[in-house]
Amino acid sequence: MESTDETTENVDIKITITRATNMHGKKAGNVLSFLRMDLNGGMLGESEKRTVDPVAEYIEYDFTCTFPCCNEVLSLSDIPHKPVIVTLTEVVPEKKKVEAKSIVLGQAVIDLLPLLQGECSFSSTVVLHATHAAPEKGSTPAPITKHPTLDVCVSASAPLLTEEQLSTSNLMKVSLETAYSLPDTFNQSFGPTAPQYICTAVMEVPCTAEKDQLLLFSEGQLKAGGHREDNGRQRKRAHHAHLAPGNHFLPGPFFHTQPIDQEDGELTSLEDREFRNEAETLLNRVSWDTEMPCFLDAEGVTRLRQKITESRFWPLEIMKSTIANEKSGATSKLQADEDPHIPCHGVAFIDMGRLLYPGVTHIRGAYTIQPYSSTLLLNKTRRNISLLKEQLKPGASKDRSGTATCSAKTNTGKAKDTKGHVKGTGNQSISSVTDLNGSDPIPPDRKAYMDFRTYIIIEITLTNPLIPKTSSEELARRVKALIPPRPLSSGGPNKAERAVLNFHKQVGNVVKHILEQYEELFGTRLKLPNDCNQELMMAQLMGALNVSGRYFAFKEQIKPTVVKFVRDKMQQTDTFTEQQDLHEFVSKLYVDLVDEMHVALNKIYSNGMEDDSPDEIHLSTSHLKHFAREAQLIGDYHVAVQYYQELVVRHPRDPSHKFEWGNLYMQTGDYMKAKMCFHDAVAVQQSHQPSLMMCGVLAAMFNDFEQAETFLERATSIEPPSLVAWTLLGLVQDSQNKSILAERAFLEAKSLLKAKEASNQTHKAEESDVDEENEKQKGQEEEKTIPPTSHSPNMKQSDTETGDTVHSDPKEKVISKSIYTETLEFLLHNYALEMAEHALSMELSSKGNHSFHLACVQLLRAEYCSAIATLREALLRVEPVADMWALDGHCHYLCGSFAEAQGSYERSLDFPEQPSDTHLVLLRLGSIYLQEEKVRYDIYTEFEQAKVTYLQACEKSPSCLTWLGLGISCYRLEELWIAEEALTEANHLNNQNAEVWAYLVLICLRRRLRTPHNQSRGGIGPKALPETSPVDGTRPTPWDPGRYHRGAPTTGHPAGAAGTERQLPSQLSPLSPHANSGREAGYTLNWTPANRRAHKQMTIRTQIHIQFKVFSSPAMHVFLGGMWEETGVPAENPGRHGKNMQTPHRQSRI
């Protein structure tokens, strides 16, 4: 503080008292009085004697005192707790004596603390409190209706602190409240003959880089119990030995009660609350209610932060002494001893670590008082010298009424920190003290603290936090600097869309001129003649276009459009070096051009009229997400990537699809691509919490902890607060050995978990109340409608006995909820195994059952045998749930133990609450049923079970694989019609599945149809089939190209299925009460034929050229296709192109 004091040596403080109001003297009449101003035991000056008018009741003093700020009398560290004392003295003349008599009328206190808070001048009105001086005999003082006051103005010639010093300095206020649950040695002080005791407490804090400030709290008064301390009571000044009783209290701050669960100290658990309520209500206590301010300069703040980092527990020593000994100086015997025995010497360890939490300026809590021991003090605080013993030694400066003295920093016997944290609650505190003390003897008066669990309440506040909290705006700015936000797309089309629109426009121009040429040749007849040859008319049309030169003009006009389509839509600008790559690209270009040509033709000839044909099939976003997740679970990552690409193309401003895409790459171990996906999601939406958390997890995996903390802190600042984000932040900080910051993050997460559990309990209570009301209403209705029946009393007894036998050995819950288990679920879902193992290690160190999550980690690490052993051990100790048996089934399934997997899957489905991954369970269980190789009579049983399992999956979450499994099951059961229905459904959802086509071929072969197996086998021409089937003698049905797609009518189907509305077969409906759930989700058997679902067939809807409906579409295809065939595109049959049956997935760059 020398540097700060040097800057304020030339600063003068001026105090001016202008007037005193509401003045009343000891005697009636004019009052002659003067003012005296004192500071730190020295007089600053006296005013002139002035008289008061009884009518006006005020005195004009205009009394001014000026003194330097920093001198031998006052320093900056003294300003907070050493006020200026103003005494008002009345001069009463004596009749028989020469000299007049002086009587103190009142005393006022002026606090200079605002000067340390950046103010150069301030005005205030202070109250003059009466002293204990007895009135003169025979005089009757006038009744005081209003307290006399002084108008004061305080100013400084310059600011005591510069702006930089003001921002780096701090003001600490330590408030010592009350000690509860006192030992019997304190309780013996109550009684008429018992000596009066006071308690003294001492604590040391740094004030500068070289000096410590000793905070001595004396005059702790013993108070009887039977009531709680008053809420809103005033705080006392530390120095009140020379003050009037009314000036003992600070004018502004008050003590307010705080809920126990919101305190920062010890004894906050549920089992301790009853003990504290009794102690704070019924038992005797020691009350200080004193606040001690302490000014810390910049070096002092740095040293305070450093000392808390070195040792977060600071000692508060307590002793008891009699008032008689205090007054008579009987403590001199103690001072004479080298190692004096201090009566009832105890120590409480204040946890100062919370002051290093970002943004924290206040801590308050109850701390247990333990018997003083040098060993305990050394282990907890890294010092071995008692502050009280140092104060009791000869020559130590002390003020028994409460002091705050500065002393030079000395070596306090620092030792290595054992970091042993002892929580002072119940028996844990007792055992810890005993272990730390070892064989050190504990005097009985000290040991009583342990027996009675004595504790003291202390509060510490700071004007500025030691660690500033980063604002959410600053965190958002940092994230924006790391991942710039993606700009919003303009309202118009982009380059790719403009290229497509230009192509559509050129197609429209070509169609217009073709129609003109057609009218010139054939006129505008509505009907074609019977002898008309369509091929001849097409040849004539093509010839006329060539002769007129229109064909070549169209080709030249459309070339630039195709070039823009290649560059802007397909993003192809480089030259091909390999012929194979060129061939693949040209094939894809052909498919895309044909697709867009169909779209353009449909726009032209729709003419704003509704089409009576079914709409083009379009999978919804929820369907695509379900199919992508399914492909990811079964390991078909390439298909999953295609689905995620489609989702991103459809919804480019939705970050959740990019997040799930990154989840896929996390599973495959491609962390760089996963990082790109998560960063892209944040670029789309800067406040997307899951993506920010995964960005932080990946940054921590790459040892970039600064970025990791930035991402995670930003995730914690977003509303609603995330429990997982706080826990992840704590894990990252714990990995860097930032124990205090990690502790703060975990505490925030625990508070969120507690609030979540309370909300869930409230919600459950409300639901139970509603259920009870409904049951009562149902019971009343049943009593009215159903006559009473007699029940056997033996039945109830048997039920009770049975229930006792079943529940005689209850098991603990399988999954214990904690902040680490909640975070584990998030990490395991996103395949962040490294961070998940860290969270699991934290969970293993805490109480609770963690076998389920340990098995999940082992499963993802492909340690199947270890996971099975963990689950088997857990099943013996805990109450199993569906997820546990499902996990056991997955482990056995991946190991190849299908029989054990089948049993576990079946058990998981028997629970009322189904597994969280029911879809995967049903898929794998159905596949196990289909793979069973048993004797002939048992095969059909397995196939029936497979059929039921896959049908259940189709009802809950239909997909191509569920319908395929149902089709295979029905095929094995010889239910070919149902198998065909299911496979048709599967083919609609994904027509690229080879197994679906294979089973369709098998069904067609079994039914002796001319089937697509020829087309599937490379375009072999159709072969003649016999007129009748050799199996059943029925006539085979010709091949319908749309029968295996939505809405395709099936000839030869049982009655009731030949119409346009085709429902689920009647054989399937009785298997589940939710047989219609698939249709409600959009999956019915009334679907569009194949020639309308991938590329809608162009149909002329105009009335003038109605005859063009017969042949115009092939002509358009041949003409438009021929134009780019001549430019180098091979003439491929769109029907034979693998990707031409359905619009291919659009590629999207990350």
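This report looks at the salt bridges in a predicted model and at how confident the prediction is along the chain.

## Confidence first

Since this is a predicted model, let's start with pLDDT. The mean over the chain is 76, and 70% of the residues reach at least 70. Taken element by element, the top mean belongs to helix α21 (residues 689–701), at 96, while helix α39 (residues 1090–1093) has the lowest, at 34.

Two stretches deserve a flag. Residues 398–402 have pLDDT below 50, yet the model gives this stretch 20 contacts beyond near neighbours in sequence. Residues 410–439 are also below 50, with 51 contacts counted in that way. Where pLDDT is low, the predicted coordinates should not be read in detail.

## A buried pair between two strands

Side chains of opposite charge can pair when their charged atoms come close. Searching the whole structure turns up 43 salt bridges.

One of them joins E177 and R364, with an N to O distance of 3.0 Å. E177 sits in strand β10 (residues 170–180) and R364 in strand β18 (residues 362–371), so the bridge links distant parts of the chain, 187 residues apart. Are these two residues buried or exposed? Both E177 and R364 are buried.

## A helix tied to a loop

Next up is E743 with R312, where the closest N and O atoms are 2.8 Å apart. What does this pair tie together? E743 belongs to helix α24 (residues 739–785), whereas R312 is in the loop between α5 (298–310) and β16 (313–322), so the salt bridge connects parts that are 431 residues apart in sequence.

The two ends of this bridge fall into separate accessibility classes. R312 has a relative accessible area of 17%, and it counts as buried because the cut-off is under 20%. E743 comes out at 25%, which makes it partly exposed.

## A partly exposed pair and a network

K673 and D670 also form a salt bridge through their side chains, at 3.9 Å from N to O. That value makes the cut because the limit is within 4 Å. K673 is partly exposed at 36% relative accessibility, and D670 is partly exposed too, at 28%.

Finally, some bridges share partners. Which residues do they join into one network? The members are E177, K223, R228, E229, R233, E263, R276, E280, R285, D289 and R364. The buried residues E177 and R364 are thus part of this network.

Methods. Residues are numbered from 1 along each chain as its sequence is written. This is a predicted model: local features need pLDDT of at least 70, side-chain atom pairs count only at pLDDT 80 or more; totals for chains, interfaces and linings use all residues. Side-chain values use heavy atoms; hydrogens and water are left out. Helices (H or I, at least four residues) and strands (E, at least two) are DSSP runs, numbered from the N terminus. Buried means under 20% relative accessible area, exposed over 50%, partly exposed in between (1.4 Å probe, protein chains only). pLDDT is the predictor's confidence in each residue, from 0 to 100. Contact means heavy atoms within 4.5 Å.
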